[in-house]
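Please look over the structure below with these notes beside it. They are short and can be read in order.

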Amino acid sequence: MIKIKRVQLSEAASLLSYSKQTFYEFFAHLNEPANMEAYSSVAFTMESMLDQLNNPDSEFYFALYEDDIVGYIKLNYNDAQTEFKDKNALEVERIYVSGEHHGKQIGKKLLNFAINIAVEKQFEYIWLGVWEHNQKALGFYEHSGFETIGRHDFLLGDDRQTDLLMKKMLV
């Protein structure tokens, strides 16, 4: 059974390690090593992780299976949102599940967890950004009721990539 648990400050090292591991697992084979390293040298530092964990408008949650981390999600509210900064919206900034656990409905559980939080807080919508070439994720979000509403640039090292912005209305 999968348990979803809020990440505590004392778990920053585990979150940092897992975040970097899953990012490389899914994107290293599709990108230049120098660009992966340039991005991760900024994005995956303990200082950055602690800043995010200490932000009152961001929350991380682990998906656990028998006390092992099998996935995680990052939620942003208010000014912590990377794009819209809408007080009536919730951003899913990151959602990752280890490759060996794909197909076990863990991503769906994490996404439904986020949607339930947004509904409880009476937000109008939930949104996220996803790389335009990540067809598996795009299909997952479309199947979950998200629609593409825009795009923005994502800089991976010196490679300018495009993320599609997707939104699901809740009211």
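1. The buried residues of α1 (buried: under 20% relative accessible area, 1.4 Å probe, protein chains only) are Ala12, Leu15, Leu16, Tyr18, Ser19, Thr22, Phe23 and Phe27. An α-helix has 3.6 residues a turn, so residues three or four places apart point the same way. Helices here are DSSP runs of H or I with at least four residues, strands are runs of E with at least two, and both are numbered from the N terminus.

2. The model is predicted: local features need pLDDT of at least 70 and side-chain atom pairs pLDDT 80 or more, while totals for chains, interfaces and linings use all residues. Residues are numbered from 1 along each chain, and side-chain values use heavy atoms, without hydrogens and water.

3. Helix α1 covers residues 12–27. Its 16 residues should span 22 Å at 1.5 Å a residue, and the end C-alpha atoms are 22 Å apart, so the two agree. The expected span is 1.5 Å times one less than the number of residues.

4. Leu9 sits in the loop between β1 (2–6) and α1. Leu9 counts as partly exposed (between 20% and 50%) because its relative accessibility is 44%.

5. The largest nonpolar core (buried Ala, Val, Leu, Ile, Met, Phe, Trp, Tyr and Cys joined through side-chain atoms within 4.5 Å) has 28 residues. Those touching the most other members are Ile73, Leu75, Leu90, Val92, Val130 and Tyr141. The element α4 gives the most to this core, seven residues. Apart from this core lies another, of 19 residues, including Phe44 and Trp131.
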